[in-house]
Amino acid sequence: MTALLALAPLVVALVASVLTLAVRSWPRFQRAVSVVSALVYVVSVGALAWTVVFAPDASALVYQVGGWKAPFGITLVADALAAFMLAVSAVVVLFTVVFSVPYIDPENQQVYYHPLFHFLVAGMTGAFLTGDLFNLFVWFEVMLMTSYVFVAFYGGARHTAAAVRYVVLNIVGGALMLLAIGGLYATVGTLNMADMAARLGAPGVDAAPVVGLTALLLAAFALKAGLVPFQFWVPSAYRAAPLPIAAVFAGASKKVGVYAIIRLYFTVLGDANVTTEVPLVGVDSPLAFLAPVLLVMGLVSIVVGGVGAVSRKRLDGLLAYSSIGQIGFIVVPIAIAAGTSSASLRHLGVLAGLVYALHHALAKSLLFLAAGTIRDAAGTTRLAELSGLGERSQVFSVTVLVGSLSLVGIPPLAGFFGKFLVFTTAADQFATARVAGSSIVLGVLLLGAVLTIIYATRVWVGSFWGAQSDRVELATLDGLQVAILVGLAAVVVAVGLGFEPVYQFADAAAEAAIDTEGYVTAVGPGGEP
Amino acid sequence: MTTTIMRTTARVVVPIVLVLAISLFVQGHNLPGGGFIGGVLTVTAFTLVYVAYDLDYVEVGVLGRDVDDDVGMLDHRTVTTYRRMFTFGLLVVVASGLAAIVPGAQFLAQTYTYVHLPLFGEVELASAIIFDLGVYCVVVGGLLTIFSVVGNE
């Protein structure tokens, strides 16, 4: 029966989307169903996390969909890593659904907003849970299909242009991903991730194309995560989508790309016995290939995102650029983990990336939702027209302050631990290998932190201090929206204050991510169908 | 496109397409075919009718009902039915997947049995056809909604 828990979040999201579609003639009831479903989703994820990580006899849950055993059927694997990512997105999902009810106008909510939202959640959940590479592609597509509609949701010229760009880019990305998965299937002979790990770990395996094929997958995942050089869709898509959806994009669905990189490279290819020479990089394993590539992508993302955010005129554009930079902070420790030969540093790197992902999900969705409240109240997100918000509503200002300070990394907020672990990883790497590269990494991280302080200060000075502008004077902040923001800000503070269990959870997730053997044993491929 | 040649061709072709669609749908669980292909072929038949005649033909010509011209295409009676069909299909798909859990099997698990019918002899009854029916409804409802609304613009 406990194995059903691995399936529960997925089924809850699917049932929620179908139910909200079926009851759309009764708008109030539909909204209630949507919010209740999100609550049930959080409860199911919580139960899953308890069983997988915190319970006395905790172990990974495996569910064979349709009764077809691995490696022939599609397997759902809920290990600590999947549970951690699900927990991160569940928090974001709950707050954004509740926020959407007072924010999106009722007519638009009825037009497929809630069904699509839950389909988006189903896509993310499936991507986190699946243990099958092709199935991962399918869930990516489920997520993208709904994202397309959300980017074009308001239907104006700007939104349509952003949607077309987004669609074309992701179709190319999807084609690359499919090509790579087909190639991997032809090379390794399986699509089940555990089976693939087992086969690639066997001695004397001949799978030289794997490095190149996974590089294609890396491109598709980086596109999803919005890493430089695939970041250019991010600002226009985030600004076009409804702001609660932008919160989900930045908070949760970007993390799917990061999760896929960790899962593929650390869990599946971590022990891979593949030796190839790659021109320029000169590499002997997929992880060693990932390290320099991801490191450069992450560092450039930090700089591009930071510099871009500093020069934006609108709050939502600023947040979109900021999330490019923050994704850089997530992948840099992961890249360091991939490049090191020390087991403890590898663990620390992945852990730092995961904790930072959690912090970014909370803080960035809080800020995007706050931007929504501002747009709703003042009719604009242009920073120059927003001075004096601090005077207008102190409670609201405090929530934004909490989000901004967490982004900057002030203790005791969640962001402090994220930044702290990232810098610890980079410093450890610097201590073990005193090469020029390590000091550059530290330098860029520091630059990124300074840029974060600059744009967070800009938001504060530009729109909260000073005399009230005309728009702000006329603005009325929605009480319910502010209450939801206070709730999310409380979560940011709570994660920071009660960091012990969160650390324990992330620690288990990082352990699961690099424990290829444990993953293979849990799934147990190679049995009779 | 409403030429005599087109209309005559449609009259001949549409029944054949529909029969083929049903046969593909029914054999889908163990031969090439299934809900998706069957659904797409059915949509082709309807689209042929739409092209040869017009969007109101099914309502006026076949069912003999009046059409309310004042409402938008999305609220057109036929299109409303298509949209209901889409939702119904999704419900069937999810419900058929969940139904397997009740007797203790895995989500989406399928089974089959043989029944003996008087004239047909041994007939295989597969539970997968219920899932396929859901897929069929989703495909037909979804595609025809799109074709009607986009075709109207």
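Which element gives the most to the lining of the largest cavity? I put this to the model, which is a predicted one, and I found that α12(A) gives the most, with four residues.

**Entry 1. Cavities in chain A**

I looked up the enclosed spaces first. The count comes to five cavities of 30 Å³ or more. I noted a volume of about 90 Å³ for the largest cavity. Its lining holds 14 residues, and those closest to the centre are L315(A), L319(A), L367(A), S404(A) and V459(A). I then listed the elements that give two or more residues to this lining: α12 (315-339), α13 (343-378), α15 (394-408) and α17 (436-463) of chain A. By class, I recorded twelve nonpolar residues, two polar ones and no charged ones in the lining of the largest cavity.

I turned next to the second largest cavity, for which I read a volume of about 70 Å³. I found it lined by F137(A), F140(A), E141(A), L144(A), N170(A), G173(A), G174(A), M177(A), A220(A), L223(A) and K224(A). Here α5 (133-151), α6 (157-188) and α8 (210-225) of chain A are the elements that give two or more residues to the lining. I divided the lining of the second largest cavity into six nonpolar, three polar and two charged residues. Charged residues are thus present in this lining, whereas the lining of the largest cavity has none.

**Entry 2. The second largest pocket**

I moved from the cavities to an open space. The second largest pocket has a volume of about 360 Å³. Of the 20 residues that line this pocket, I noted A87(A), V88(A), V91(A), L358(A) and F505(A) as the closest to its centre. Two or more residues come from each of α2, α3 (80-103), α13, α19 (479-497) and α20 (499-514) of chain A. Helix α3(A) supplies the largest share of the lining, seven residues. I classed 19 of the lining residues as nonpolar and one as polar, with no charged residue. I also marked that α13 of chain A appears in the lists both for this pocket and for the largest cavity.

**Entry 3. Helices α2(A) and α4(A)**

I examined how α2 (residues 27-54) and α4 (residues 106-129) of chain A pack. Their axes lie 9 Å apart, at an angle of about 15 degrees. I therefore entered α2(A) as roughly parallel to α4(A). The crossing of the two helices is left-handed. On the side of α2(A), I listed P27(A), Q30(A), R31(A), S34(A), S37(A), A38(A), Y41(A) and L48(A) as making the contact. On the side of α4(A), the contact residues include P106(A), Q109(A), Q110(A), H114(A), P115(A) and H118(A). Further along α4(A), V121(A), T125(A) and L129(A) also take part. By class, I recorded eight nonpolar, eight polar and one charged residues in this contact.

**Entry 4. Chain B**

I then looked at chain B. I noted five helices and two strands, which follow the pattern α-α-α-α-β-β-α along the sequence. Taken along the principal axes, the C-alpha atoms of chain B fill a box of roughly 55 × 35 × 25 Å.

Within chain B, I examined helix α4 (residues 77-99) and helix α5 (residues 128-152). Their axes come within 7 Å and cross at roughly 155 degrees. Helices α4(B) and α5(B) are therefore roughly antiparallel to each other. I recorded their crossing as left-handed. The contact of α4(B) with α5(B) has 16 nonpolar, seven polar and one charged residues.

Terms used. Residues numbered from 1 in each chain as written. Chains lettered and ligands numbered in written order. Predicted model: local features only at pLDDT ≥ 70, side-chain atom pairs only at ≥ 80, totals over all residues. Heavy atoms only, no water. Axes fitted to C-alpha atoms, helices over the stretch in contact; angles between N-to-C directions. Parallel < 35°, antiparallel > 145°, perpendicular 65-115°, else oblique. Left-handed = near helix turned anticlockwise from the far one by under 90°. Contact = heavy atoms within 4.5 Å. Nonpolar A, V, L, I, M, F, W, Y, C, P; charged D, E, K, R; others polar. 1 Å grid on protein atoms, 1.4 Å probe; cavity = no way out; pocket = protein on both sides within 12 Å on 5 of 7 lines; lining within 4 Å. Points joined across faces, edges and corners; volume = space filled by probe spheres on them.
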